[in-house]
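Thank you all for making time for this. I would like to walk through one chain slowly, and I would ask you to keep the picture in view while I talk.

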Amino acid sequence: MTNKAHFSPLLLIVGIFAIIFSTIVHGTSTNYLHTVQQTAEDFVTDSLSAPQNGELQVTATQLDSRLRLAECTVPLNISVPGKQSMTGNVTVLINCPSEGWQVYVPVRVKLLLPRVVATKPLPRGTVLSASDLTIKLVENRFQRSVSFEDPNQVIGSKVKRGVNMGDTIEGNDICLVCRNDSVLIRAGGSGLNIVTNGTALGDGALGEQVRIQNNKSKRVVDGIVTGVGEVTVNF
């Protein structure tokens, strides 16, 4: 009984020191994991240029807290293995020569650009007005086709497939001249200016070429879209 009483305080002290030491080691390890993550973020950020009117967001994935990485006593080696693109998701390899460890750090890159988006649901056939549109920062990798930075680029266009509120307005969603639309054909050349009616045989955005059939002559010609329901033909 006396021996137990004699050793209990000693065992208690040893136990307390073990807990404190374990906590310190865990805290140091966790802090260094954060340092490694931040190093990966900084490397990717320094490798990219933020767009003039947009925003670049770089975020390293949180490493597993069970990892035990000894603090590196020399500068870390940092690289991007393979032929990875620096947009979207990229994996950074960080190596410590002095301690003999290496770790792969996944990093998410988001490139946000100003784009014209819908302020409300836009059903097919809607002719776009200023109140239908606003500008919002949108992640670049979610854009499927041509997009627009200025609402004036699409005002007056007709929606050819429904657009949800908040969606980016893309070239495939709209047309100034749509297939089977009645259009005004302006033909000019050699001092002559002729205006007649026709039918669009395809979709066209501003400045694009589209085939048009003259309603009177039935002749099919190529014209340039110059406005809503308007095509110019040069001859």
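I will begin with the overall layout, then turn to the cores, an aromatic pair, the strands at the end of the chain, and a few loop residues.

Please keep in mind from the start that what you see is a predicted model. The secondary structure of the chain comes to one helix and twelve strands, and if you follow the elements from the N terminus, the helix is met at the start and the strands come after it. The chain has 235 residues, and 33% of them are buried. If we take the contacts between residues at least 6 apart in sequence, 52% of those contacts join residues that are at least 24 apart. As for the surface, the chain exposes about 14,400 Å², and carbon and sulfur atoms supply 54% of that area.

Let us now go inside. In soluble globular proteins, nonpolar side chains tend to be buried together. Here, the largest nonpolar core has 20 residues, and those that touch the most other members are Val-36, Val-44, Ile-94, Trp-101, Val-103, Val-105 and Val-107. Which elements supply at least two residues each to this core? They are the helix α1 and the strands β1, β3 and β4, where β1 covers residues 55-60 and β3 covers residues 88-96. Apart from this core lies another one, of twelve residues, and among its members are Ala-200, Val-210, Val-221 and Val-231.

To see what one core residue has around it, look at Val-105. If we leave aside the neighbours within four places in sequence, Val-105 is in contact with Val-36 and Ala-40, with Ala-60, Thr-61 and Leu-63, and also with Val-90, Thr-91, Val-92 and Ile-94.

Next come the aromatic rings. A pair of such rings is described by the distance of the centres and the angle of the planes. How many aromatic pairs does a search of the whole structure find? The search finds one, and this pair is formed by Tyr-32 and Trp-101, arranged edge-to-face, with 6.2 Å from centre to centre and 85° between the planes. The pair links distant parts of the chain, since Tyr-32 sits in helix α1, residues 2-47, while Trp-101 belongs to strand β4, residues 101-118, and the two are 69 residues apart. Are these two residues buried or exposed? Both Tyr-32 and Trp-101 are buried.

Now please move to the end of the chain, where I would like to take the strands in order. Strands β10 and β11 pair in the antiparallel sense over five bridges, and within this pairing Val-210 stands opposite Gly-223 in β11. Strand β11 is also joined to β12, residues 230-234, by three bridges, and these two strands run antiparallel as well. In β12, Thr-232 is the bridge partner of Ile-224, and Val-231 is the bridge partner of Val-225. Strands β11 and β12 form a hairpin with two residues between them, and Gly-229 in the turn has a positive phi of about 65°.

Strand β12 deserves a further look. In a regular strand the side chains alternate between the two faces of the sheet. Along β12, Val-231 and Val-233 point to one face and are buried, whereas Glu-230, Thr-232 and Asn-234 point to the other face and are not buried.

Finally, let us visit three residues in loops. Lys-218 lies in the loop between β10 and β11, and in that hairpin, which has five residues between the strands, Lys-218 takes a positive phi near 65°. Lys-218 counts as exposed because its relative accessibility is 52%, which is above the cut-off of 50%. Asn-180, in the loop between β7 and β8, has a positive phi of about 75° although it is not a glycine, and at 59% relative accessibility Asn-180 is also counted as exposed. Pro-123 is placed in the loop between β4 and β5, and with a relative accessible area of 52% this proline is exposed. Which residues does Pro-123 contact once its neighbours within four places in sequence are left aside? They are Val-159 and Gly-162, and the C-alpha atoms of Pro-123 and Val-159 are separated by 7.0 Å, although the two residues are 36 apart along the chain.

Definitions and conventions
Residues are numbered from 1 along each chain as its sequence is written. This is a predicted model: local features need pLDDT of at least 70, side-chain atom pairs count only at pLDDT 80 or more; totals for chains, interfaces and linings use all residues. Side-chain values use heavy atoms; hydrogens and water are left out. Rings of Phe, Tyr and Trp (its six-membered ring) pair if their centres lie within 6.5 Å; planes under 30 degrees apart count as stacked, over 60 as edge-to-face and the rest as tilted. Helices (H or I, at least four residues) and strands (E, at least two) are DSSP runs, numbered from the N terminus. Buried means under 20% relative accessible area, exposed over 50%, partly exposed in between (1.4 Å probe, protein chains only). A nonpolar core is a set of buried Ala, Val, Leu, Ile, Met, Phe, Trp, Tyr and Cys residues joined through side-chain atoms within 4.5 Å. Contact means heavy atoms within 4.5 Å. Accessible areas come from the Shrake-Rupley method with a 1.4 Å probe; for residues, only the protein chains shown count as cover. Two strands pair if DSSP finds at least two bridges between them.
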